[in-house]
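User: Could you take me through one part of this protein slowly, as if I were new to reading structures? I would like a close look at the aromatic pair and its surroundings.

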Amino acid sequence: MAVTNRSVTLRTIAQHIESLTHHSVSARTIRRRLQQSGLSARRPLLRLPLTQNHRRLLRKWCDERRMLAVEWNDVVFTDESRICLQHYDGQIRVWRHRGESMLNSCVMHRHTGPAPGIMVWGGIGYHSHTPLVRIAGTLNSQRYISEVLEPVVLTYLQGLATAIVQQDNA
């Protein structure tokens, strides 16, 4: 049951077993048996669904640079992330084996609609990282330039002479 429905709870499994066998089984016993078979309850991978165009552009960018091993030390990856304060509370778990985090049945797509939350922006490189920037309100291109690119990115890049900046949508 945990293999076919990755987000099933121990209580649901116990109720299912009891309905079939008319014997009660504790959640601890079920957890122990699942762990013996290699399954453990872990937080699902959270991600935004990528469009086919996103996938194509990311693959193209990586393919153009796959033979440039030294160049990867100079790449700075930047992205913004919105932390939703309302929908996902971290209590949901999925049953999976090691290495299965990218399976569709182990992935939970994030909510992208309006909800209370905090948006942050940051960048990481091979040897360093940018400061984390809190973005208040809606981020548009003018605010991105004046609040992130000019004060943070340009200052950060002054110390990295050969850096290449890779923004997720750029």
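Analyst: Happy to! The structure holds one aromatic pair, and we are looking at a predicted model. The two partners are tryptophan 61 and phenylalanine 77. Their ring centres lie 6.2 Å apart and their planes meet at 70°, so the pair counts as edge-to-face. To see why, you need one cut-off: planes over 60 degrees apart are called edge-to-face.

Now find the two residues along the chain. Tryptophan 61 belongs to helix H3, which covers residues 52-65, while phenylalanine 77 belongs to strand S3, residues 75-84. They are 16 residues apart, and the pair links distant parts of the chain. How buried or exposed is each partner? Tryptophan 61 has a relative accessible area of 14%, so it is buried. Phenylalanine 77 has a relative accessible area of 36%, so it is partly exposed. The cut-off behind these words is 20%: buried means under that value.

Let's stay with phenylalanine 77 for a moment. Leaving aside residues up to four places away in sequence, phenylalanine 77 touches Trp61, Trp72, Gly122, Gly123, Ile124 and Gln166. So its ring partner, Trp61, is in that list too. The C-alpha atoms of phenylalanine 77 and glycine 125 are separated by 6.4 Å, although these residues are 48 residues apart along the chain.

From here we can step out to the sheet around strand S3. Four strands form an open sheet in the order S7-S6-S3-S8, with mixed pairing. Strand S7 (133-135) and strand S8 (164-167) stand at the edges with a single partner strand each, so each has one side without a neighbour in the sheet. On average, neighbouring strands of this sheet are turned by 25° against each other, direction ignored. Helix H4 (residues 141-157) packs on the sheet and touches S3, S6, S7 and S8. The direction of H4 makes about 175° with that of S7.

Where does the mixed pairing show up? Try following S3 to each of its neighbours. As background, strands of a sheet pair through backbone hydrogen bonds, either parallel or antiparallel. S3 and strand S6 (residues 117-124) run antiparallel and are joined by eight bridges. You can trace this pairing by eye: arginine 82 stands opposite methionine 119 in S6, and the bridge partner of isoleucine 83 in S6 is isoleucine 118. With S8, in turn, S3 pairs in the parallel sense over four bridges. Here valine 76 stands opposite valine 165 in S8.

Let's move on to the nonpolar cores. In soluble globular proteins, nonpolar side chains tend to be buried together. The largest nonpolar core in this model has nine residues: Ala2, Val8, Leu10, Ile13, Ala14, Ile30, Leu34, Leu39 and Trp95. Two elements give two or more residues to this core, helix H1 (10-21) and helix H2 (27-36). H1 supplies the largest share, three residues. Alanine 2 is a good place to start exploring, since you can look for its contacts with Val8, Ile13, Leu34, Leu39 and Trp95, not counting residues up to four places away in sequence. Apart from this core lies another one of seven residues, including Trp121, Tyr144, Val148 and Val153.

One more residue is worth a look here. Serine 40 lies in strand S1, residues 40-42. Its relative accessible area is 14%, so serine 40 is buried. Beyond residues up to four places away in sequence, serine 40 touches Val94, Trp95 and Arg96. You have met Trp95 already, as a member of the largest nonpolar core.

Finally, zoom out to the whole chain. The chain has four helices and eight strands, and along the sequence they follow the pattern α-α-β-β-α-β-β-β-β-β-α-β. Buried residues make up 23% of the 170 residues. The chain exposes about 12200 Å², and carbon and sulfur atoms supply 55% of that area. Among contacts between residues at least 6 apart in sequence, 69% join residues at least 24 apart.

Key. Residues numbered from 1 in each chain as written. Predicted model: local features only at pLDDT ≥ 70, side-chain atom pairs only at ≥ 80, totals over all residues. Heavy atoms only, no water. Core = buried A, V, L, I, M, F, W, Y, C linked by side-chain atoms within 4.5 Å. Buried < 20%, exposed > 50% of the residue type's maximum accessible area, 1.4 Å probe, protein only. Contact = heavy atoms within 4.5 Å. Phe/Tyr/Trp six-rings, centres within 6.5 Å; stacked < 30°, edge-to-face > 60°. Pairing = 2+ DSSP bridges. Axes fitted to C-alpha atoms, helices over the stretch in contact; angles between N-to-C directions. Areas by Shrake-Rupley, 256 points an atom, 1.4 Å probe, with all protein chains shown as cover.
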